[in-house]
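Got your viewer open? Let's take a walk through this one, a selection at a time.

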Amino acid sequence: MVTRIIGACAVALAVTCPPALAQQQAPPTGGAVPPAPAPPVAAPGVFTGPTVPGAQAKIVAPGVAAAPQAAPPQVQQAIWAGNALQGMPYRYGGGHQNFQDSGYDCSGTVSFALHGGGLLDAPLDSSGFMGWGLAGPGAWITVYTNPGHGYVVIAGLRLDTSAANDPGGQKGPRWRKRPRGGTGYTVRHPVGF
């Protein structure tokens, strides 16, 4: 199993392996509980990852999104920050008090990615995002939010904790290839993006 995980990270063009993949081990024996994923580093501008030509982000390996080469550095950083959350557990209120946490809810996930791109100084809940930034979709980043849920689309990929339109039905911070409807959401974007 470890060989496949290392191989998946190598295929992702030498990107730092997301925490959930990097920490996976052989199945525990004797009823031992596997360790919880370590909280991801939470600082703007520290993330690295793969890039792809053009203006659309792409999933290049499980849990690894490649940033478009045509995107501004802040957008690339937000995508790579989103990679650090892949496989983290969903935890209601996770990421609200501090960007670095042991689990993330919807708005904690959005906050972490935007902070990683240097676009958010303090975490917001989904209601807080309703007045954040500017109204309408952005050229690179669009936040969809209402009092009960929030998600973000960055360079064409959706970062969401909901299993909506996820073929595997997975919950928690994940990149989703398939879009989801924006009906019932306030649409916001960061200034300049």
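Here is the tour, stop by stop.

Before we set off: this is a predicted model, where local features need pLDDT of at least 70, side-chain atom pairs count only at pLDDT 80 or more, and totals for chains, interfaces and linings use all residues. Residues are numbered from 1 along each chain as its sequence is written, and side-chain values use heavy atoms, with hydrogens and water left out.

**Stop one: the small sheet.** Helices (H or I, at least four residues) and strands (E, at least two) are DSSP runs, numbered from the N terminus. Select strands 1, 2 and 3: these 3 strands make an open sheet in the order 1-3-2, with mixed pairing (two strands pair if DSSP finds at least two bridges between them). Strand 1 (51-52) and strand 2 (58-61) are the edges, each pairing on one side only. Strand 1 runs parallel to strand 3 (residues 64-68), joined by 2 bridges. Zoom in on V52 and you'll find P68 of strand 3 opposite.

**Stop two: helix 3 meets helix 4.** Now pick helix 3, which lies across strand 1 and strand 3 and runs at about 180° to strand 3. Angles run from 0 to 180 degrees between N-to-C directions, and axes are lines fitted to C-alpha atoms, for helices over the stretch in contact. Add helix 4: the two helices pack at an angle of about 135°, their axes 7 Å apart. That makes helix 3 oblique to helix 4 (under 35 degrees counts as roughly parallel, over 145 as roughly antiparallel, 65 to 115 as roughly perpendicular, the rest as oblique). To see the contact (heavy atoms within 4.5 Å), show Q77, A78, A81, G82, A84 and L85 of helix 3 with T109, F112, A113 and G116 of helix 4.

**Stop three: helix 4 itself.** Is helix 4 mostly covered or mostly open? Mostly covered: 11 of its 11 residues are buried, meaning under 20% relative accessible area, with exposed over 50% and partly exposed in between (1.4 Å probe, protein chains only). The cover includes helix 3, helix 5 (126-129), strand 5 (141-146), strand 6 (149-154) and strand 7 (157-160).

**Last stop: Y90.** Select Y90, in the loop between helix 3 (73-85) and helix 4 (106-116). Y90 counts as partly exposed because its relative accessibility is 43%. Leaving aside neighbours within four places in sequence, Y90 touches Y104, D105, C106, T161, G172 and P173. Finally, try the distance tool on Y90 and T109: they sit 19 residues apart in sequence and 9.3 Å apart in space, C-alpha to C-alpha.
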